[in-house]
Amino acid sequence: MATTPSRIPISPIASEEEREQALRDYKVTIEYKHLKSHAPGGVYLIPAIDNLRHFFGIIFIRRGPYTNGIFKFQLKLPPRYNDVNMWPQITFSSYIYSPYVDESTGALDIKSAYPNWDPSRHYLVTVLTYLKKIFYSKNFADAKANVPAKELAEKEPETFRKKIDACVRESQKNMYTNDDGSTAKFTEEQVSHRVLRDLLKHHIRNESQVTKQAVLAQIDKARKV
């Protein structure tokens, strides 16, 4: 006599809210993947190890008044990011003197640039492009985050420039100061790093010689120094 097979357990159906949140999370991963080929030059963003919506970033300034600045920042996304008017939040860890950045908190004023955040038109690359733009701006008419800096730029441009120079020097001085839990870290060069660099230059002279085995062999040599 045949027996009725036992039923296979079925996981509970996710709620509508859970499905929507899963879709938002998926969109974040797609946006981040898009950055690999579309991020503004000199801007680097690395996700936190334990939080999909928390990123550590660095921008290297190559020209303009902030030339040679190395500025670190954190980017955080609200849980409902990818909904309308759910703005990303960028806070500089490095000190920034700019009409677009709150001097006391380091927060970049994103809402003034994008009063209405539209997820169909605005993405991570959008806010990173804006972040880069503030370092090259020459007209601060739309700046609201640091009014004294804006007024200084208009009335005493030489003094304003000196303050910028000072914050660039400070960014270089604090290059090896890393945020807790940061995935974008600078470490001071060790003897082994210099040895490895010299070994790679000496033993790997062209791209055709670059293999995983070749690099690992030179790393092993550097470890013995």
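# Reading a predicted model, feature by feature

In helix α2 the buried residues are Leu124, Val125, Thr126, Val127, Leu128, Tyr130 and Leu131.

Me: Before we go further with α2, what kind of model is this, and how many helices and strands does the chain have?

Reply: This is a predicted model, and the secondary structure of its chain comes to six helices and four strands. Read along the sequence, these elements follow the pattern α-β-β-β-β-α-α-α-α-α. Of the 225 residues of the chain, 35% count as buried, and residues 24 or more positions apart account for 55% of the contacts with a separation of 6 or more.

Me: Returning to α2, how many of its residues are buried, and what do they pack against?

Reply: A residue counts as buried when its relative accessible area is under 20%. Seven of the 10 residues of α2 are buried, so this helix is largely enclosed by the rest of the structure. The elements that its buried residues pack against are α1 (16–38) and the strands β1 (43–47), β2 (54–60), β3 and β4.

Me: How should I read the length of a helix such as α4, and what distance separates its end C-alpha atoms?

Reply: The idea is to compare an expected span, counted at 1.5 Å a residue, with the distance found in the model. Helix α4 covers residues 157–173, and its 17 residues should span 24 Å; the C-alpha atoms at its ends are 24 Å apart, which agrees.

Me: Which residues of α4 are buried, and where around the helix do they fall?

Reply: The buried residues of α4 are Phe160, Ile164, Cys167, Val168 and Ser171. If you look down the axis of α4, these buried residues fall within an arc of 105 degrees, so they line one face of the helix. The face turned away from that buried side carries the exposed residues Glu158, Lys162, Arg169 and Lys173. What covers the buried residues of α4 includes the strand β3 (70–76) and the helix α3 (147–155).

Me: How do I read a pair of aromatic rings, and how many such pairs does the whole structure hold?

Reply: A pair of aromatic rings is described by the distance of the centres and the angle of the planes. A search of the whole structure finds 13 aromatic pairs. In one of them, Phe140 and Phe160 lie 5.6 Å apart from centre to centre, with 65 degrees between the planes, and the pair is edge-to-face. This pair links distant parts of the chain, since Phe140 is in the loop between α2 and α3 while Phe160 is in helix α4, 20 residues apart. Both Phe140 and Phe160 are buried.

Me: Which residues form an aromatic cluster, and which charged end sits over the ring of Tyr97?

Reply: One aromatic cluster is formed by Tyr97, Tyr100, Tyr114, Trp117, Tyr130, Phe140 and Phe160. The charged end of Lys163 sits over the ring of Tyr97, at 5.3 Å from its centre.

Me: Turning to loops, is Ser94 buried or exposed, and which residues is it in contact with?

Reply: For a residue in a loop, it helps to read the position, the accessible area and the contacts together. Ser94 lies in the loop between β4 (89–92) and α2 (124–133), and with a relative accessible area of 15% this residue is buried. Leaving aside its neighbours within four places in sequence, Ser94 is in contact with Ile70, Phe71 and Lys72. A polar atom of the Ser94 side chain lies 2.8 Å from the backbone nitrogen of Lys72.

Me: Where does Asp109 lie, and which residues is it in contact with?

Reply: Asp109 lies in the loop between β4 and α2, and its relative accessible area of 17% makes it buried. Leaving aside neighbours within four places in sequence, Asp109 is in contact with Tyr100, Tyr130, Lys144 and Ala145. The side chains of Asp109 and Ser112 are joined by a polar contact of 2.5 Å. The C-alpha atoms of Asp109 and Ile90 are separated by 8.3 Å, although these residues are 19 residues apart along the chain.

Me: What is the phi of Asn82, and what is the phi of Asn85?

Reply: Here the backbone angle can be read beside the accessibility. Asn82, in the loop between β3 and β4, has a positive phi of about 90 degrees although it is not a glycine. Asn85 is found in the loop between β3 and β4, and has a positive phi of about 55 degrees although it is not a glycine. At 11% relative accessibility Asn82 counts as buried, whereas Asn85, at 27%, counts as partly exposed.

Technical notes: Residues are numbered from 1 along each chain as its sequence is written. This is a predicted model: local features need pLDDT of at least 70, side-chain atom pairs count only at pLDDT 80 or more; totals for chains, interfaces and linings use all residues. Side-chain values use heavy atoms; hydrogens and water are left out. Helices (H or I, at least four residues) and strands (E, at least two) are DSSP runs, numbered from the N terminus. The expected span of a helix is 1.5 Å times one less than its number of residues. Buried means under 20% relative accessible area, exposed over 50%, partly exposed in between (1.4 Å probe, protein chains only). The arc is that of the directions from the helix axis to the C-beta atoms. Contact means heavy atoms within 4.5 Å. A polar contact is a pair of N or O atoms within 3.5 Å; within protein, one must be able to donate a hydrogen and the other to accept it, and residues adjacent in sequence count only if both atoms are side-chain atoms. Rings of Phe, Tyr and Trp (its six-membered ring) pair if their centres lie within 6.5 Å; planes under 30 degrees apart count as stacked, over 60 as edge-to-face and the rest as tilted. A charge sits over a ring if NZ of Lys or CZ of Arg is within 6 Å of the ring centre and within 35 degrees of the ring normal.
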